[in-house]
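Open your viewer, set the display to cartoon, and keep the selection panel handy. We will move from one selection to the next, pausing at each stop to see what is there.

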Number of protein chains: 2
Amino acid sequence: MDIKTIIRKYREMGVRLTPQRLAIVKSLEGDRSHPSAIDIYNRLKDEYPSLSLTTVYNTLQMLKEMGEVAELNLHPEKSLYDPDVTPHSHVYCIRCERVDDLPYAEPPEALLKKAQDLGYKVKDVATIVYGICKRCGEIRDH
Amino acid sequence: MDIKTIIRKYREMGVRLTPQRLAIVKSLEGDRSHPSAIDIYNRLKDEYPSLSLTTVYNTLQMLKEMGEVAELNLHPEKSLYDPDVTPHSHVYCIRCERVDDLPYAEPPEALLKKAQDLGYKVKDVATIVYGICKRCGEIRDH
DNA sequence: TCCTAAATTGGATTTATTACAAATATAAAG
DNA sequence: CTTTATATTTGTAATAAATCCAATTTAGGA
Ligand SMILES: [Mn+2]
Ligand SMILES: [Mn+2]
Ligand SMILES: [Zn+2]
Ligand SMILES: [Zn+2]
């Protein structure tokens, strides 16, 4: 996710370059926190008081279709968004909902094989590690 | 998930054996469809016209805590429930939401290692294969 | 500067899930 | 079998994420 690339793509697509879209893209650039739509909205609403949550959702949807952000389904309540679209995995703290990146690792070949045997055309594989983060572990420990 | 085992567990826990709970447990036994709470509710409401969705959720929650069903978060909209709690993975059709079982496969050691290095106490790993099922592939193909 | 299609906004709507209080029913005791 | 205490169910209301929609605003080309 690189602002210049995205601005160029926007122009190529004939899509308008609005302050809201730019703000969302800028806020996402280099962000490793895996924010939800509401997180992004809350971050920006002071600087853009008229910003609407709908615009955040619309822009995320568009960025997703452009392949510039990935939507993560780590837990049932809400989707998280990741401006790093290179293949990698995640660890998710089941206590505080913290998310950290894990490197890319080749998924077990047997799974892809079996999915194909069942007739599936495989598009993606997600590996999610669930655990308790350092801080949450320490809190419980005293 | 075995009815007799569950009935015994219920008795041991001093939990009442209501017709609703038994119906939900029976409907889940051997079910490989990975139903949502509403799927279960719809299946049973003819036979138990007074059944409430709340009871379905309560019972699923209880079965989850008993370790008799697993909650799957394959997509953001809703949780699916799986009476097969042995470790295994899933393929999810992104067109029709069909879910099939995949065998258990050891997750990449590097991921667990890295999660631990980050300070996480690992509790579980989920591998989800996303793809297009046979039927959905054929539909698009003509 | 003007104009128009595209985008934003705010509010309503949908859908999954949880909360809660009143009604009901399990199962133990008499 | 009847009574009773209380666990459970039910129906409805409340939450929360996400989407829909019509009215208003605005980007950007003419
Ligand atoms: Mn990430
Ligand atoms: Mn399964
Ligand atoms: Zn934590
Ligand atoms: Zn399908």
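## First stop: a helix in chain B

Start by selecting R8(B) and E12(B), and show their side chains. These two residues form a salt bridge, and the closest N and O atoms are 3.2 Å apart. Why do R8(B) and E12(B) sit about one helical turn apart? Both belong to helix 1 (residues 3–12) of chain B, and they are four residues apart in it, so about one helical turn separates them. Please remember as you go that this is a predicted model. The pair you have just picked is a salt bridge, and over all chains the count comes to 18.

## Second stop: the two domains of chain A

Now hide everything but chain A and colour residues 3–82 and 89–141 separately. According to the domain assignment, the former range is domain 1 and the latter is domain 2. Ten residues of domain 1 and seven residues of domain 2 make up the contact between them. If you place a marker at each C-alpha centre, the two markers will lie 24 Å apart.

How much area is buried between domain 1 and domain 2 of chain A? It is about 680 Å², with carbon and sulfur atoms giving 56% of it. To see where domain 1 contributes, select H34(A), L74(A) and H75(A): they supply 66% of the area that domain 1 buries against domain 2, more than any other three residues.

Next, pick R32(A) and D101(A). They form a salt bridge, with 3.1 Å between the closest N and O atoms. The rule finds one salt bridge across this domain interface. It also finds six residue pairs in polar contact there. On the domain 1 side of the interface, four residues are charged, three are polar and three are nonpolar.

## Third stop: where chain A meets chain B

Bring chain B back and select the residues of each chain that touch the other. You should have 41 from chain A and 41 from chain B. Together the chains bury about 3300 Å², and 67% of that is on carbon and sulfur atoms.

How many salt bridges are there between chain A and chain B? The count is zero. Polar contacts are another matter: twelve residue pairs make them across the interface of chain A and chain B.

Now colour the elements on the chain A side. Those that give two or more residues are strand 3 (89–93), strand 4 (99–102), helix 5 (109–117) and strand 5 (121–132). Strand 5 of chain A gives the most, with twelve residues. By class, this side of chain A holds 24 nonpolar, seven polar and ten charged residues.

## Fourth stop: DNA strand C

Show DNA strand C and the 20 residues around it; T18(A), S50(A), R16(B), L17(B) and Y57(B) come nearest. Of the strand's atoms that come within 4 Å of the protein, sugar and phosphate account for 74%.

Three close-ups are worth a label:

- L51(A) has a backbone N or O atom 3.3 Å from a phosphate oxygen of DNA strand C.
- L17(B) also brings a backbone N or O atom to a phosphate oxygen of DNA strand C, at 2.7 Å.
- T54(A) places a polar side-chain atom 3.3 Å from a base oxygen of DNA strand C.

Zoom out to the elements. Helix 2 (19–28) and helix 4 (53–65) of chain A, together with helix 4 (53–65) of chain B, give two or more residues each to this surface. Helix 4 of chain B gives the most, with three residues. The surface near DNA strand C has eight polar, seven nonpolar and five charged residues.

## Last stop: DNA strand D

Finally, select DNA strand D and the 19 residues that surround it. The closest are L17(A), Y57(A), S79(A), T18(B) and S50(B). Here sugar and phosphate account for 76% of the strand's atoms within 4 Å of the protein.

Which atoms of chain B should you zoom in on? In S50(B), a side-chain N or O atom is 2.6 Å from a phosphate oxygen of DNA strand D. S52(B) uses a polar backbone atom, 2.9 Å from a phosphate oxygen of the strand. R16(B) has a backbone N or O atom 2.9 Å from a phosphate oxygen of DNA strand D.

The elements to colour here are helix 4 of chain A plus helix 2 (19–28) and helix 4 of chain B, which give two or more residues to this surface. By class, the surface near DNA strand D has eight polar, six nonpolar and five charged residues.

Note on methods:
Residues are numbered from 1 along each chain as its sequence is written. Chains are lettered from A and ligands numbered from 1 in the order in which they are written. This is a predicted model: local features need pLDDT of at least 70, side-chain atom pairs count only at pLDDT 80 or more; totals for chains, interfaces and linings use all residues. Side-chain values use heavy atoms; hydrogens and water are left out. Domain bounds come from an automatic or database domain assignment. Contact means heavy atoms within 4.5 Å. Buried area is the accessible area (1.4 Å probe) that two parts lose on being put together, summed over both. A salt bridge is a side-chain nitrogen of Lys or Arg within 4 Å of a carboxyl oxygen of Asp or Glu. A polar contact is a pair of N or O atoms within 3.5 Å; within protein, one must be able to donate a hydrogen and the other to accept it, and residues adjacent in sequence count only if both atoms are side-chain atoms. Ala, Val, Leu, Ile, Met, Phe, Trp, Tyr, Cys and Pro count as nonpolar, Asp, Glu, Lys and Arg as charged, and the others, Gly among them, as polar. A residue is near a molecule or strand if one of its heavy atoms lies within 4 Å of it.
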